Structures are given as C-alpha cells and as structure tokens.
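Colleague: Could you walk me through this model and the reasons behind the labels you put on it?
Modeller: Gladly, let us look at it together.

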Amino acid sequence: MSYPELLIDREKLIHNVRTILKMGQDSNVQIHFVTKCLSGWRPFLEVLYEAGVEYFADSRVENLREMSDLGLSRMMLRSPMISNANDVVRYSDLSLNSDLSAIEALSDAALALDREHGVILMVEMGDLREGFMPDEMFDVASRVLNLRGVWLAGIGANFNCYGGVIPEERQLEDLSKMAEDIRRRFNVPLPIVSGGNTGSLYMLSENRLPLGITHLRVGEGYLLGIETSFRKRLHDLFTDVFTIMAEIVELRRKSSVPTGLIGPNSFNEIPVFEDRGQIWRAILAIGEQDVRCETLEPKDSAIAYLGASSDYMMLDVTHAVRDFKVGDVLEFSPDYAALLRASTSPYVEKQLV
Ligand SMILES: *Cc1c(COP(=O)(O)O)cnc(C)c1O
C-alpha cells in the first residue's frame, strides 16, 4: 500500500450505477455514463460494464481507447480538435460538436478509416460553453446532412458548467422543439436529444424531464450520488463511493500564526491567518499535485483545513476525535474537483475495494 491513495468502494459504485440506469430505463431516457473523472482507469471501467453500462462517454480519446472493447457505444464529449479527428473517429462512434470545420474533418476521417460516426450538434442555451447559436441550427444541420462520412445523430445542450446555468423545463422544451423542427424540415430520425448532464437529473428523478428529451450524459451523479443543480442527494445513492487516504509526516504543537514579515506563499498569494493560539498541527504527505486540498472533506469534521502547498497539506487536529501520531492515515471525502485531480495524478494510487 502506498499513500496518497484513492479508495473506490465497488459495491457502492455498482449500486449507484444501477440506480441511475434504472432511472433512465423507467423514463425511456438513454444515458451515456461519463468516465472522464477516473481517467480511463481500466478496473473502474470494468466495474461499470459489469454493473450493466453499455454507453460510455469521455472527454479524452486516450480514455476512450481504454474502453474500445467495452459496451455498445462510446461518445466523445469534448469538441474534437481537427488535428485529432482520426482518433476521435477511431475510438468513438458519437461526438458532441460545435464547429463545422471540425465536423468536416471528422467526415473525412470517417471516410478514410471506413467507420461510422454520428454527430451531435451542441446548441448554446445560456451557459456559454460549447454550442452553435440556435439560429444557425438549420443551416448547420443541412450542411452536416450533406457530408458523406458522418450521420446526424442528434442535438444537445450543456448546462451547469462555465456559466453555472441551471437547466429548467423551459430550455429543454426549446431543445426538444428544435429537434422536432429539424426532423420535420429534413425528414431525418434525429434519435438523440441530449438534455444535459448530472444537473438535469433532478428533473428526471421528479418525473418532469420534458417530453422529447431522449438522452442525458451523467458523470458526477453516479460517482458522488448528488445532482449538481441544487446539490441534493439523489434517491438512495451513496455519497461516499470514494475515499482519499493520506499519511501524517509531522505532528507538533505550534502557533497558528507565522512569525516574521509575511510575503507571498508557494502559490504567490499573500496568506491571511486566524489566531487560534497554539494548536496541534498535522502535516500530511499530500498536496496540490495530488488533489485539490481545500475541498477535501475530512471524515472527522472536527479537523480543520489550514493550507496546502504542492506536496503538503496542513491541518489543525487540536479537536480531532482520535489522538494521532506520525504515520497515521487520515480519511477524506473528495468533491468532483478533488476526485478529478486525484485520479489524474500519477502519485495517487487507485484501489478498488
Ligand atoms: C463532463 C461532461 C458531462 C458530465 O457532467 P457531470 O456533471 O459529471 O454529469 C456531460 N457533458 C459534457 C459535454 C461534459 O464535458
């Protein structure tokens, strides 16, 4: 065993996956399970597959390559780079798109590689990340329908990201209507109407996802057990599938306020300190290279975060439930950002238990 470690509870993960799968099935909504947070780690992908996942989605071709033999469909989430069109077509059968020249590159690549590739056109609906403007959609759809290498699989929108915009029935009804208009105008099936990510799950769970939304892309929901629009727990999903473990390398009673002239810290920020007198400070061998420290939640809520540098995290353990010593291992719950960083850090060992 080596620390820091990212522990994944297999049974809880399977429970969450099956619950989300069932939510989709009950409402006739197809769900692509988003795996980018676990950076294509094969044992994790295999657990999803065992739990019944057939539709996978990821933002990186490197990760999609890892799952090329699993399931029925692999969706590329990040708008494809023209320079990367060949790999996108090689490792995914569907991609989300917001640029016509990139779609043309995918079409050329698909013809050259003799592969089928479905294009989903993203529509800008307020969050201001990727997407064509709504008034471009007919024109873009018609151009895509004229390409020989790709087929027009659907349209979609993204929310809860750059702008933090919460998807509501209003936007999804517009999206659904737009799909209907494209179907009628061009006489195409357009099977996928992708109504967002985990932030749209609240509507699915309350049975008010607008009719005509046929698809969602879900990551955080099954990983952390919450929906991301109001940060509420979903059904009986587990919120503790993941645990971060880190080891204490120094434990001393020291002042809570540094002495000397205060300048920038290791991240070029001027730190501010609260005077708590003399405290028991634990230094852990985990840092910003391994996780996002500030958002790690200690399992013992009496432990307080003090700060972090690339390789260390400092904690106030004065009021901790347990008495610690150097060499002890502390447990934390990661949020999405911490999980993402931990899973992509080569210094953090992943383990399924
Ligand atoms: C990451 C991503 C998702 C998944 O988002 P969650 O909030 O984890 O469900 C869905 N769609 C796109 C385009 C993404 O990049």
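Modeller: A word on classes before we start: Ala, Val, Leu, Ile, Met, Phe, Trp, Tyr, Cys and Pro count as nonpolar, Asp, Glu, Lys and Arg as charged, and the others, Gly among them, as polar. With that, the shell around the ligand divides into 5 nonpolar, 4 polar and 5 charged residues. This is a predicted model, where local features need pLDDT of at least 70 and side-chain atom pairs pLDDT 80 or more, while totals for chains, interfaces and linings use all residues. Residues are numbered from 1 along each chain as its sequence is written, and side-chain values use heavy atoms, leaving out hydrogens and water.

Colleague: Which residues come nearest the ligand?
Modeller: Of the 14 residues around the ligand, those are Lys36, Thr198, Arg217, Gly219 and Glu220. A residue counts as near if one of its heavy atoms lies within 4 Å of the molecule.

Colleague: Why is the pair of threonine 198 and the ligand called a polar contact?
Modeller: The term asks for a pair of N or O atoms within 3.5 Å; within protein, one must be able to donate a hydrogen and the other to accept it, and residues adjacent in sequence count only if both atoms are side-chain atoms. An N or O atom in the side chain of threonine 198 is 2.4 Å from a ligand oxygen, so the pair qualifies. Glycine 219 uses a backbone N or O atom, 2.8 Å from an oxygen atom of the ligand. The protein buries 93% of the 390 Å² that the ligand exposes when taken alone (Shrake-Rupley method, 1.4 Å probe).

Colleague: What makes glutamate 50 and arginine 10 a salt bridge?
Modeller: The rule is a side-chain nitrogen of Lys or Arg within 4 Å of a carboxyl oxygen of Asp or Glu. Here the closest N and O atoms are 2.5 Å apart, so the pair passes. Glutamate 50 lies in helix H2 (residues 42–51) and arginine 10 in helix H1 (residues 10–26), so the bridge ties together parts 40 residues apart in sequence. Helices here are DSSP runs (H or I, at least four residues), numbered from the N terminus. Arg10, Glu11 and Glu50 are linked in a network of salt bridges.

Colleague: Is aspartate 328 buried or exposed?
Modeller: Buried means under 20% relative accessible area, exposed over 50%, and partly exposed in between (1.4 Å probe, protein chains only). Aspartate 328 has 10%, so it is buried. Its salt-bridge partner is arginine 322, at 3.4 Å between the closest N and O atoms. Arginine 322, at 45%, counts as partly exposed.

Conventions
Helix = DSSP H or I, 4+ residues; strand = E, 2+ residues; numbered from the N terminus.
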